[in-house]
Amino acid sequence: MNREFDLVLFGATGFTGRLVAGYIAATRYGRPGAASSEKPRWAIAGRSKEKLEALGLKVPVLVADILDRPAVDAIVKRTKVACTTAGPYAKYGGALVAACAEAGTNYCDLTGEPQWMRRMIDQHHERARATGAHIVHTCGYDSIPSDIGTWAVQQEFHTRFGRYASKVTAAFGETSGGLSGGTIASAMETAREADTDRDVRKLLGNPYGLDPEPSASRPPAPDEKGISWEPHLKMFAIPFLMAQINTRVVRRAHALTGFPWGSDFVYREVMSTPGSARGLAMAAGYVGGMAGLAIAMKSPRLRGLLAKRAPQPGEGPSQETRERGYWKVRYVAEGGGDVLRYQASDGADPGYGSTAKMLGESALCLAFDQLGAPGVTTPSAAMGQRLLDRLRRAGLTFEAAG
Ligand SMILES: NC(=O)c1ccc[n+]([C@@H]2O[C@H](COP(=O)([O-])OP(=O)(O)OC[C@H]3O[C@@H](n4cnc5c(N)ncnc54)[C@H](OP(=O)(O)O)[C@@H]3O)[C@@H](O)[C@H]2O)c1
């Protein structure tokens, strides 16, 4: 594909977008095998020329309101990849996805809004398949450790035991970081839609809600409830807030790639606490806190109060909080009597420092690497091993655990 730019980044003036722009500006790994001096050809796009120029990046500035379809169309025709951090995506994302699907332009984002992803699948999957566009949502901490992590665990399981695992459990929770205004606004947007629309509530409650056929008969995979014991990790397991997004993405990846791990494959995602009395108290505290938060998010008045006290658009965790950040996910893969323990981690805060690497590398991968089938797809179904290699080179670890 011969286009003027390898990638265009929308949202660079926002909190996360500034970090992604910084990552891409500093990258040494654009095209595989390229000399380190050969930088990707990229540009930033947004609605305010002044704000974009004030970032001081020495790249072309393209002015477009992301809601202005003709202006967005004109930009996506000039680039191989459109990468966006302009969220909430349910508010700002639709025109860009539609334009990319139409123009055969690859696309990646950081959405964690399943109801919007469902709409994008229904509206654009077939067109994207026809034009060759890879539309890849959830290229950040939601859902790369889940999706690429499960894919990597399965490759390792196959190497060791000659078959795939029939069950993978991912345990989140060992992490330090913070939240930005755009993330809070996106969670509020999903809560508002769920509050007012029965179909959105139904979709959010369907473990296979992002599958090509959400009502097809599949193995039971209920969302976690309460506290359980994870014997292979010797830790307590409780519901994980982001599992309602991540589990659906892993299941969509499995369906899109033709169920390579078997029709009975089950993916489960939890949050873990230490297997001690203190860990049990922590688990009970989290479960109580999450129940309280779920009630608060159902009330427009309490949502309004929470939103006022939370970081506003453009704001996010301090540099100090981000620099102290880290994350680790533990996986247990089981099948035919065999068990593999695996882990993924990064020494950067999950939502911003590490997410900037994950989204930046996804955009570069979509611009330069060999990809899976087009359509509205997932990180593992589109990028698999290529993205795993890039993430490892960027400092993330994915490895068997002792
Ligand atoms: N999956 C993950 O792990 C993860 C991690 C971090 C963030 N996120 C998601 O990333 C998104 C961004 O979060 P954030 O905190 O960085 O948000 P933010 O600081 O509020 O930034 C929003 C960006 O969108 C741009 N924008 C808004 N309306 C626009 C329009 N009409 N035309 C063009 N640009 C427009 C803003 O541009 P202006 O400067 O012109 O207003 C700004 O650059 C959220 O949806 C969040 O949930 C996900």
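This passage walks through a predicted model, beginning with the ligand and moving on to the strands, the loops and the backbone.

The ligand is a good place to start. It is surrounded by 27 residues, and the closest of them are T13, T16, K51, S180 and S186. Sorted by class, this shell holds nine nonpolar, 14 polar and four charged residues. Both domains take part: domain 1 (5-141 + 353-396) and domain 2 (144-348) each supply at least three residues to the shell.

Several polar atoms of the protein can be followed directly to the ligand. From the side chain of K51, a polar atom lies 2.7 Å from a ligand oxygen atom. The backbone of G14 also places a polar atom 2.9 Å from an oxygen atom of the ligand. With D65 the partner is a nitrogen atom of the ligand, which lies 2.9 Å from a polar side-chain atom of that residue. Taken alone, the ligand would expose 930 Å², and the protein buries 93% of that area. Helpful landmarks for finding the site are α1 (15-26), α4 (89-92), α8 (181-196) and α14 (350-368), the elements that each give two or more residues to the shell.

Attention now turns to the strands. Strand β7 (residues 167-176) and strand β11 (residues 326-335) run antiparallel and are joined by eight bridges. Within this pairing, T175 stands opposite W327 of β11. Strand β11 is in turn joined to strand β12 (residues 338-346), again in the antiparallel sense, by nine bridges. Here E334 of β11 faces V339 of β12 as its opposite number. The hairpin made by β11 and β12 has two residues between the strands, and G336 takes a positive phi near 55° there.

Strand β7 has another partner in β10, and these two pair in the parallel sense over six bridges. An example is F172, whose bridge partner in β10 is M271. Strand β10 (residues 266-274) is mostly covered, with seven of its nine residues buried. Strand β9 (residues 235-238) also pairs with β10, in the antiparallel sense and over four bridges. In that pairing A237 stands opposite S272 of β10.

S272 also offers a reference point for the loop between α9 and β8, where I227 has its place. The C-alpha atoms of I227 and S272 are separated by 9.6 Å, although the two residues are 45 apart along the chain. Is I227 buried, exposed or partly exposed? With a relative accessible area of 39%, I227 is partly exposed, because that value falls between the limits of 20% and 50%.

The loop between α9 (198-205) and β8 (228-230) also contains P219. At 14% relative accessibility, P219 counts as buried, because the cut-off for that class is under 20%. Between the C-alpha atoms of P219 and G289 the separation is 30 Å, and the two residues are 70 apart along the chain.

A side-chain contact links helix α6 to residue E193. Q115 lies in α6 (residues 114-131), and its side chain joins that of E193 through a polar contact of 3.2 Å. With a relative accessibility of 2%, Q115 counts as buried.

The backbone holds a few details worth a closer look. Most residues other than glycine have a negative phi, and most peptide bonds are trans. The peptide bond from G87 to P88, however, is cis, with omega near 0°. P88 is found in the loop between β4 (79-84) and α4. Another cis peptide bond runs from D142 to S143, with omega near 5°. S143 sits in the loop between β6 (134-136) and α7 (144-161).

The loop between β6 and α7 is also the place of T138. Phi of T138 is near 55°, a positive value in a residue other than glycine. Is T138 buried or exposed? T138 is buried, with a relative accessible area of 1%. K234, in the loop between β8 and β9, likewise is not a glycine and has a positive phi of about 55°. At 57% relative accessibility K234 counts as exposed, because its value is over 50%.

Definitions and conventions:
Residues are numbered from 1 along each chain as its sequence is written. This is a predicted model: local features need pLDDT of at least 70, side-chain atom pairs count only at pLDDT 80 or more; totals for chains, interfaces and linings use all residues. Side-chain values use heavy atoms; hydrogens and water are left out. A residue is near a molecule or strand if one of its heavy atoms lies within 4 Å of it. A polar contact is a pair of N or O atoms within 3.5 Å; within protein, one must be able to donate a hydrogen and the other to accept it, and residues adjacent in sequence count only if both atoms are side-chain atoms. Accessible areas come from the Shrake-Rupley method with a 1.4 Å probe; for residues, only the protein chains shown count as cover. Ala, Val, Leu, Ile, Met, Phe, Trp, Tyr, Cys and Pro count as nonpolar, Asp, Glu, Lys and Arg as charged, and the others, Gly among them, as polar. Domain bounds come from an automatic or database domain assignment. Two strands pair if DSSP finds at least two bridges between them. Buried means under 20% relative accessible area, exposed over 50%, partly exposed in between (1.4 Å probe, protein chains only).
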